[in-house]
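Here is a short note for a colleague who has not looked at this structure before. The points are numbered so that each can be checked in turn.

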Amino acid sequence: MPKYFFHVHHGHTELDEEGEELPDKHAAWREATITAGQILQGLDGSLRPHEDWSMEVVDEFQNPLYTLRISAKKPK
């Protein structure tokens with residue numbers, strides 16, 4: 001089964017060094033959206049205006065597959 005990695009960027013980069021074995025890239029997308037939601041909930045209000053949060057999903061060869069981005073902006 002292929003392995004997928006979920007790297008998070010929020011002020012600094014947290015590389016997923018373990019990865020997760022999943023059946024395919026569609027399962028990796030599903031896992032990314034679930035995990036991103038859990039991580040964002042865990043930020044507990046610490047995401048500030050003009051900060052970005054992102055998760056990059058890569059395959060076992062480090063080929064980028066998906067990027068989820070949250071961009072916090074304050075209206076002018």
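**Notes on the fold**

1. Among the contacts in the chain with a separation of 6 or more, 43% join residues 24 or more positions apart. Keep in mind that the model is a predicted one.

2. The chain contains one helix and five strands. Read from the N terminus, the order of elements is β-β-β-α-β-β. The C-alpha trace spans about 45 × 20 × 20 Å along its principal axes.

3. Of the 76 residues in the chain, 28% are buried. The accessible surface is about 5,500 Å², and carbon and sulfur atoms account for 50% of that surface. As for charge, the chain has 8 positive and 14 negative charges, and the mean positions of the two sets lie 13 Å apart.

4. Strand 1 is a good place to start. It covers residues 3-9, and five of its seven residues are buried. Strand 1 pairs with strand 4 in the antiparallel sense, over six bridges. In that pairing, F5 has V58 of strand 4 as its bridge partner.

5. Strand 1 also runs antiparallel to strand 3 (residues 20-21), with two bridges between them. Here K3 stands opposite E21 of strand 3. Another two bridges join strand 1 to strand 2 (residues 13-14), again in the antiparallel sense. H9 is the residue of strand 1 that has T13 in strand 2 as a bridge partner.

6. What lies between strand 1 and strand 2? The two strands form a hairpin with three residues between them. In the turn, G11 has a positive phi of about 80°.

7. The largest nonpolar core has 13 residues. The residues with the most contacts inside this core are F6, A28, A32, W53, M55 and V57. Strand 1, helix 1 (25-42), strand 4 and strand 5 each supply at least two residues of the core. As a general matter, nonpolar side chains in soluble globular proteins tend to be buried together.

8. M55 is worth following residue by residue. Leaving aside residues up to four places away in sequence, M55 touches F6, H7, V8, A32, T35, A36, I39, Y66, T67 and L68. Two of the residues named here, F6 and A32, also appear with M55 among those with the most contacts inside the largest nonpolar core.

9. Is S54 buried or exposed? S54 counts as buried because its relative accessible area is 12%, and the cut-off for buried is under 20%. S54 is placed in strand 4. With residues up to four places away in sequence not counted, S54 touches H7, V8, H9, T67, L68 and R69.

10. Where in the chain is Q62? Q62 sits in the loop between strand 4 (52-59) and strand 5 (64-71). The phi of Q62 is near 65°, a positive value in a residue other than glycine. With a relative accessible area of 42%, Q62 is partly exposed. A reader checking backbone angles can set Q62 beside G11, the residue with a positive phi in the turn of the hairpin.

How values were computed
Residues numbered from 1 in each chain as written. Predicted model: local features only at pLDDT ≥ 70, side-chain atom pairs only at ≥ 80, totals over all residues. Heavy atoms only, no water. Helix = DSSP H or I, 4+ residues; strand = E, 2+ residues; numbered from the N terminus. Buried < 20%, exposed > 50% of the residue type's maximum accessible area, 1.4 Å probe, protein only. Pairing = 2+ DSSP bridges. Core = buried A, V, L, I, M, F, W, Y, C linked by side-chain atoms within 4.5 Å. Contact = heavy atoms within 4.5 Å. Areas by Shrake-Rupley, 256 points an atom, 1.4 Å probe, with all protein chains shown as cover. Lys, Arg positive; Asp, Glu negative; His and termini not counted. Charge placed at Lys NZ, Arg CZ, Asp CG, Glu CD.
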